Protein chains: 2
Amino acid sequence: MDPAIRAIAYARKHRARFVDELAELIAFPSVSSDARRAGDLRSCAAWLADHLARLGLTDVNLWPASGHPLVWGRRHVSAGAPTLLVYGHYDVQPEGARAAWQTPPFRGTVRGSNLYGRGASDDKGQAFAHIKALESYLATGELPINVSVLLDGEEEIGSPGLVRALMRGDFPIRADAIVISDTRIPAPDRPALTYSLRGNLQLELEISGPARDLHSGYFGGSAPNPLEYLGGLIARLHAPDGRVALDGFYDRVRGIPSQERAYMAARGPSDAAIVRAQGSPPAHRNRDYSLYERTTALPSLTVTRITTEGNAGRATIPSRAVAWIDIRLVPEQDAKAIAQSFRDRVAALQPDGLRAAVRPLSATPWVALDRRGPIQAAAAAAYRRGFGSTPVFLRSGGSIGVVAAFQRTLRVPIVLMGFGLPGDGAHGPNEKFHLPNFFRGIETSIWFMRDLRRAGLAGKRA
Amino acid sequence: MDPAIRAIAYARKHRARFVDELAELIAFPSVSSDARRAGDLRSCAAWLADHLARLGLTDVNLWPASGHPLVWGRRHVSAGAPTLLVYGHYDVQPEGARAAWQTPPFRGTVRGSNLYGRGASDDKGQAFAHIKALESYLATGELPINVSVLLDGEEEIGSPGLVRALMRGDFPIRADAIVISDTRIPAPDRPALTYSLRGNLQLELEISGPARDLHSGYFGGSAPNPLEYLGGLIARLHAPDGRVALDGFYDRVRGIPSQERAYMAARGPSDAAIVRAQGSPPAHRNRDYSLYERTTALPSLTVTRITTEGNAGRATIPSRAVAWIDIRLVPEQDAKAIAQSFRDRVAALQPDGLRAAVRPLSATPWVALDRRGPIQAAAAAAYRRGFGSTPVFLRSGGSIGVVAAFQRTLRVPIVLMGFGLPGDGAHGPNEKFHLPNFFRGIETSIWFMRDLRRAGLAGKRA
């Protein structure tokens, strides 16, 4: 019997336990951007390391990067077989206001056919599908290929530790292909391979002025207000037509080839679908580009937070105000040049009596993947078996910090095999993972590992 | 011996204990704008009621207003004597970020000649000076006049309960004069009587759009951002010259009579003093008005806070953003008309795809007091004895919610007898009360009570 068939039978039998385990994983509040939760990230990493070891992976260890740990484990079966690196992340975005959650963000809760909780989809659930595929092979027979599992604790903050290790060349993992499931598919039964990611440049903009928070009665009319000035500055970062108003911002933006545009229009999400997913009309009219193009092939700039971080009183002029800026980049934009353009713009607008400071928070390059080649073909075949339909190729507007670094250093094909849905609520309240897609994802991963053996990759890197 | 002399001897002997008691009062985190601290306000009110009863006041009770309690007590000595109402407040502004405080905000701490803590100056310390003056009379002999003490728990949120009671006419307190110490004097040895207060209109402006918080990668370029729109709206609330850009905002602003301007220029704080106090250059140039005029005789508009109140993630488009607007009003501006003008402006700027809502938070009318009359003369005489110098008359840019309501309903003279300093840090971190002025304040209050008896007020209201 095909080992994949046995593995699938096993996976189907243990679905309920797999969901329980994923709920356990969700229970760790592993918010990488929150320094107070560093201990929770360590606990989560330890849970994962223990889990991988119990499944039969070897060399399981926590990668000694600065910052939150990377969890690594592997199973070597044959020097002649190709090696697949499964990359995922166990860190999550902040949960935000608890009141917006119907069930607690860090208690995995099944309602209907979904598992709710922060990280359910992004990325604990999607990564866990591959881990459960591995378990299904290891518990029932032989794994068809060599597999390494690498779980990042810093993806949501740009993977600084892992990227640094890769760029320095002291990264011990070798692979012939990399699979990452941290993307979305259009609908539960419509799988998709992502072939481009936007880059991400995050900046902090601080405006400060008065020596301390001031009484708005005593000083209203005399003291400059950093918060109001910040508001005005933010308003001038976009032109009325929605374009980002930074010098040279669009200079290196590559046009979309007409053949690709036609494919995108035919197979990608419609404007109506995107409007439905975001729950509001578009930010501005643009006759030249669809919303799918605007969110994936064009860059964007978003102010994600403004804080005064001082007195929250109703009658206080804050001494400083801070904004977080999230810029998404597309080929061939250069993060450094854009950051400089942002700094120049802020400097040009700086008024008397206030000080402005721009600090980089993180930078992630854009990614363009080859849509052809045996790996993508193996992934498409696996999807057909796992989901019962042929995947489309999609651009994503999101960013995965390490993909460009993998491309530059490991120089092996990468597959972005999404199991998430547009309505999963990644980064928002009531994040969920559609359980039928968790199960389909496990089976797709099982087929992919088998098909990868047949894809004709030499075990060069094993 | 003059009872005032005996009272002063007593007050000087017990200074250390008075400071300890004030520190005890500061320890209650009685932040009226924070619903979670309602219990702390009740505890603070109970402490005060017990304190007043132990000093020998009668009819001590907590006023059954909705919201945070008012503490009331009185000492009736003679039907022929005038009755003075001492009004103060025990509620405080939020403490803001703890890190900005050198010592904990709710632990009264003496450093040098100052007592630090939230409310030390605004208004626990200033109000406590009168209470200690009362104690000094009651412990040593006869009080020269009838005194009622009224301590508000909602001053920092516009005194809604007390104002409502006054306007409805079911307020049981009668008085011939009112003294309020919740204002500032220019320097420790330069006392001041405040003769005008700005009004205060506080509004909440909410912009909402997307159905939920969104991933800035997936939706950046397509979803409207309530936070950015709010920034733009805020930027358009002021003209480049610093004037408030609301229709009709200045229509009813009364000019300053030239004689008063000359007095203000001669006796009020200089631009340099105000710049020093705020720790930054002025918000904008204005050759027509001094900073003292701009902060007291002209209206202002301040955005005091912006929050997204949802996910605080770096990669999130917030579904809603909220700003707090603090408008200070001067004679003859009308809060209702200004609020409507604000609403009209917001409605006119409302874009596709976003919703704007304006909600009133509080409204306090401006106040202009008579500078002549026997009460102000008595206060000036008391200051001369208590501080050793003649007070100046000052305008204040601040607001005290109940003063206009007292004027309209009780129709008796009001004295705003400040003991605070510009550098006390009211509403900011490291708020303090200058202890020499606490002691001078007690003695000034002792003299004022005596002089008020001689001021020829019939005991009409006792």
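**Figure 1. Glu443(B), a residue in helix H14 of chain B.** This close-up, like the others here, comes from a predicted model. Look for Glu443(B) in helix H14 of chain B. Is this residue buried or exposed? Glu443(B) has a relative accessible area of 6%, and residues under 20% count as buried, so Glu443(B) is a buried residue. Leaving aside residues up to four places away in sequence, Glu443(B) touches Ile8(B), Arg12(B) and Arg15(B). There is a nice lesson about folding in this view too: Ala4(B) and Glu443(B) are separated by 439 residues in sequence, yet their C-alpha atoms are 8.7 Å apart in space.

**Figure 2. A sheet of three strands in chain B, with helices packed on it.** Which strands make up this open sheet, and in what order? They are S4, S5 and S18 of chain B, in the order S4-S5-S18, and their pairing is antiparallel. Strand S4 (109-111) and strand S18 (432-434) of chain B are the edge strands; each has a single partner strand, so one side of each has no neighbour in the sheet. From one strand to the next, the twist averages 25°. If you follow S4(B) to strand S5 (residues 114-116) of chain B, you will find three bridges joining the antiparallel pair. One place to look is Thr109(B), whose bridge partner in S5(B) is Tyr116(B). Helix H14 (residues 435-454) of chain B, the home of Glu443(B), packs on this sheet and touches S4, S5 and S18 of chain B. The direction of H14(B) makes about 60° with that of S18(B). Helix H2 (residues 15-26) of chain B also lies across S4, S5 and S18 of chain B, and runs at about 25° to S5(B).

**Figure 3. Strand S8 of chain B and its partner strands.** How many residues of strand S8 (residues 192-197) of chain B are buried? Six of the six are, so S8(B) is largely enclosed by the rest of the structure. Now trace the partners of this strand. With strand S16 (residues 392-395) of chain B, S8(B) pairs in the parallel sense over four bridges. Within that pair, Ser196(B) has Arg395(B) of S16(B) as its bridge partner. Strand S17 (residues 414-417) of chain B runs antiparallel to S8(B), and two bridges join them. Here Leu193(B) stands opposite Met417(B) of S17(B). Strand S15 (residues 367-368) of chain B is also antiparallel to S8(B) and joined to it by two bridges. In this case Leu197(B) stands opposite Val367(B) of S15(B). A helpful rule when looking at strands is that, in a regular strand, the side chains alternate between the two faces of the sheet.

**Figure 4. Helix H7 of chain A and what surrounds it.** Nine of the ten residues of helix H7 (residues 226-235) of chain A are buried, so this helix is largely enclosed by the rest of the structure. Among the buried residues of H7(A) are Pro226(A), Tyr229(A), Gly231(A) and Ile234(A). What do the buried residues of H7(A) pack against? Within chain A, the neighbours are strand S9 (199-208), strand S11 (300-307), strand S13 (320-329) and helix H11 (335-349). From chain B, helix H7 (226-235) and strand S11 (300-307) join them.

**Figure 5. The two copies and their rotation axis.** Chain B is superposed on chain A by a rotation of 180° with 0.0 Å of shift along the axis, giving an RMSD of 0.1 Å. The two copies are therefore related as by a two-fold rotation axis. The same surface serves both copies, since 100% of the contact residues of chain B recur in chain A. Which residue of chain B comes closest to the rotation axis? It is Gly231(B), with its C-alpha at 1.9 Å.

**Figure 6. Glu135(A), a residue in helix H4 of chain A.** Helix H4 (residues 120-138) of chain A holds Glu135(A). At 5% relative accessibility, Glu135(A) counts as buried. Apart from residues up to four places away in sequence, Glu135(A) touches Tyr10(A), Arg17(A), Phe18(A), Glu21(A) and Leu55(A). Burial is widespread around this residue's chain: 62% of the 462 residues in chain A are buried.

Terms used:
Residues numbered from 1 in each chain as written. Chains lettered and ligands numbered in written order. Predicted model: local features only at pLDDT ≥ 70, side-chain atom pairs only at ≥ 80, totals over all residues. Heavy atoms only, no water. Least-squares fit on C-alpha atoms with pLDDT ≥ 70 in both. Contact = heavy atoms within 4.5 Å. Pairing = 2+ DSSP bridges. Axes fitted to C-alpha atoms, helices over the stretch in contact; angles between N-to-C directions. Buried < 20%, exposed > 50% of the residue type's maximum accessible area, 1.4 Å probe, protein only.
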